[in-house]
Protein chains: 2
Amino acid sequence: MILIKNFWKNRRDELGLGIHIYPSCWSEFLTSRKVISFENIKVACKNCSLSALCLPMGLSPDDVERLDSIIKRGRPYHRGDHLYRGGDKFHSLRVITSGSVKTYSPNEDGGEQVLGFHLQGELIGLDAIKDESHNCAAIALETTAVCEIPFLQLESLSSIMPSLQHQMYRLLSREIGQDTEMLTLLGKKSAEERLASFLLSFSERFKQRGFSASDFFLSMSRYEIGNYLGLAVETVSRLFTRFQDESLLRVERRHVQLVDIPRLYEIVQRSDSTKSSQSRV
Amino acid sequence: MILIKNFWKNRRDELGLGIHIYPSCWSEFLTSRKVISFENIKVACKNCSLSALCLPMGLSPDDVERLDSIIKRGRPYHRGDHLYRGGDKFHSLRVITSGSVKTYSPNEDGGEQVLGFHLQGELIGLDAIKDESHNCAAIALETTAVCEIPFLQLESLSSIMPSLQHQMYRLLSREIGQDTEMLTLLGKKSAEERLASFLLSFSERFKQRGFSASDFFLSMSRYEIGNYLGLAVETVSRLFTRFQDESLLRVERRHVQLVDIPRLYEIVQRSDSTKSSQSRV
DNA sequence: AAAACGACTTGATCCTGATCAAGAATTTCT
DNA sequence: AGAAATTCTTGATCAGGATCAAGTCGTTTT
């Protein structure tokens, strides 16, 4: 048993697949075990399994081609490597192509506010456009590959490609929408609701990416989950235990299996229908 | 005393100046007391005192002219009027030109999460771009005038005006940055820090607009402040009282005078230097 | 294999801010 | 002007979750 777990654990580390996300192009690698250098896994947008989630979403093949021409694919980051830090000059947006990333806003004394966890297909760095430098930092939670999109070039391209411009506006707008959802979470929801919401968000995002919605590995620690959700580590830990006792899920360290997804949704929606903190003009 | 207060109160209501913000073009009106129809106060961007804060910021005069040509200036909204509601089709971004607006995300039972309070020069509706319909609502907190900017036209214009496109990216990015600051506020800060932060934000924004940084009227209720900051009304009320007892400010209902702004800043920054909720990978 | 370390869990206690309740001050309605 | 409805304040009590403390489990180092 331990052997098997270790096998998978080592396997994940070695491949950088901590959360069971495999770029489609790696399937050959996984089955054949041929040694393939990282150079070879640089996939053009048009062949990338993420294009439906990612920036090229909805663009015509020609437009994708043009977008592709400005994208840089660098070497992968390892767990703990920074993609950028607060204060770094902003030059590129980045799309995660495999692995996962945490963004956070550090405060001088070493404390931090975790701003988000990002999976493949997600675009990060949008907040840095406004003053051409990063106010937040981004760090790889496991072996992670990214596409870099030099912003100046993206901007020029988008001004001659209305569909790309439109896509950019949509993505920026979506980011705002996600942030405001998070405001509601932090402003109004109980610890229980926050964790349920967190888990379902991952469930949905894994599902979108073709992985199990009910069985996955989280790539972040309890500390990071707590920080993100505005809770103490101990609270997060206790909630996991309670959820398990209530047969909502099974959890062993970072491996989570959601057993009763509908009931998790009930928990999240509970606040919408009971609490009424009206505010009149 | 009451007479004087009522005088100003009525004056404000009649003119829609609840938070002491006067479009520059109204000064003639205020001194001469001529009756001027609202038609006459429709100011072109190039003559508008807000252009430095608003969308035209940094555009060339020619570009401002072109932007101006697509902007619609409608009749003012009265206190309690909705600019848009959740579910409304999105067609325009809006810039507040006078007055103030609350945006909120309603949940079925009448409860709500206040997302922001917006003053003149601020652009709202950015979150609705992504799916062409509003998920949030916006309501006037007092008599409020807005410029409407039809988004489709803005989009076309921005694709032939790189400077406008750039400005849009910056504004969208700024919005994201503001939201993430708010996440830190709600995730990590105490009630005291939240209210101090709230007051200083208004102080700064009033100052930017040429008004007193230390003496202003808030256009929202305690309920709305509490809702926005993730606090109960009672807590907000108690904090105002305490801040007054500590000579940080003087407050009488919605009229606030900040007496010791430096100390308010200390309160806000306190958390950055004491609490350390580290989170390791 | 032992030791050291970091991540996580569990228990006990404390405190901030929510909730409940009542009253005062304003505003709105008639 | 008087009544009714709101908004705001203040006090008392309660509870959710933070903090403190100790221990377990798993991994890494030597």
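Student: In which sense do strand S4 (residues 101-106) of chain B and S7(B) pair, and over how many bridges?

Tutor: This is a predicted model, and in it S4(B) and S7(B) pair in the antiparallel sense, over 4 bridges. Thr103(B) is the residue that stands opposite Ala138(B) in S7(B). Strand S2 (residues 82-84) of chain B also pairs with S7(B) in the antiparallel sense, here over 2 bridges, and His82(B) stands opposite Ile139(B) of S7(B).

Student: Are the two faces of strand S7 (residues 137-140) of chain B covered or uncovered?

Tutor: To read the faces of a strand, one looks at the residues on each side in turn. In S7(B) both faces are covered, since Ala137(B) and Ile139(B) on one side are buried, and Ala138(B) and Ala140(B) on the other are buried as well.

Student: Turning to the DNA, which residues come nearest to DNA strand D?

Tutor: There are 19 residues around DNA strand D, and those that come nearest are Ala191(A), Thr235(A), Ser237(B), Arg238(B) and Thr241(B). Of the atoms of this strand within 4 Å of the protein, 64% belong to sugar or phosphate, while the rest belong to bases.

Student: Which side chains have polar atoms beside a base nitrogen of DNA strand D?

Tutor: A polar side-chain atom of Arg238(B) lies 2.8 Å from a base nitrogen of DNA strand D, and an N or O atom in the side chain of Glu234(A) is 3.1 Å from a base nitrogen of that strand. The side chain of Arg253(B), in turn, has an N or O atom 3.3 Å from a sugar or linking oxygen of DNA strand D. The elements giving two or more residues to the surface near DNA strand D are helix H8 (233-245) of chain A and helix H8 (233-245) of chain B, and the largest share, 4 residues, comes from H8(B).

Student: What surrounds DNA strand C, and which residues are the closest?

Tutor: DNA strand C is surrounded by 19 residues, of which Ser237(A), Arg238(A), Thr241(A), Ala191(B) and Thr235(B) are the closest. Sugar and phosphate make up 63% of the atoms of DNA strand C that come within 4 Å of the protein. An N or O atom in the side chain of Arg238(A) is 2.8 Å from a base nitrogen of DNA strand C, a polar side-chain atom of Glu234(B) is 3.1 Å from a base nitrogen, and the side chain of Thr235(B) has an N or O atom 2.3 Å from a phosphate oxygen. For the surface near this strand, H8(A) gives the most, with 4 residues.

Student: How many aromatic pairs are there over all chains?

Tutor: Aromatic pairs are read from the distance between ring centres and the angle between ring planes, and the count over all chains comes to 19. One of them joins Phe202(A) and Phe206(A), a tilted pair with 6.0 Å from centre to centre and 45° between the planes. Both residues lie in helix H6 (residues 191-208) of chain A, 4 residues apart, which is about one turn of the helix.

Student: Why does Phe206(A) count as buried?

Tutor: The cut-off for buried is under 20% relative accessible area. Phe206(A) counts as buried because its relative accessibility is 1%, and Phe202(A) counts as buried because its value is 3%.

Student: Where does Arg205(A) lie with respect to Phe202(A)?

Tutor: Arg205(A) lies over the face of Phe202(A), 4.8 Å from the ring centre. In chain B, the charged end of Arg205(B) sits over the ring of Phe202(B), 4.8 Å from its centre.

Notes: Residues are numbered from 1 along each chain as its sequence is written. Chains are lettered from A and ligands numbered from 1 in the order in which they are written. This is a predicted model: local features need pLDDT of at least 70, side-chain atom pairs count only at pLDDT 80 or more; totals for chains, interfaces and linings use all residues. Side-chain values use heavy atoms; hydrogens and water are left out. Buried means under 20% relative accessible area, exposed over 50%, partly exposed in between (1.4 Å probe, protein chains only). Two strands pair if DSSP finds at least two bridges between them. A residue is near a molecule or strand if one of its heavy atoms lies within 4 Å of it. A polar contact is a pair of N or O atoms within 3.5 Å; within protein, one must be able to donate a hydrogen and the other to accept it, and residues adjacent in sequence count only if both atoms are side-chain atoms. Rings of Phe, Tyr and Trp (its six-membered ring) pair if their centres lie within 6.5 Å; planes under 30 degrees apart count as stacked, over 60 as edge-to-face and the rest as tilted. A charge sits over a ring if NZ of Lys or CZ of Arg is within 6 Å of the ring centre and within 35 degrees of the ring normal.
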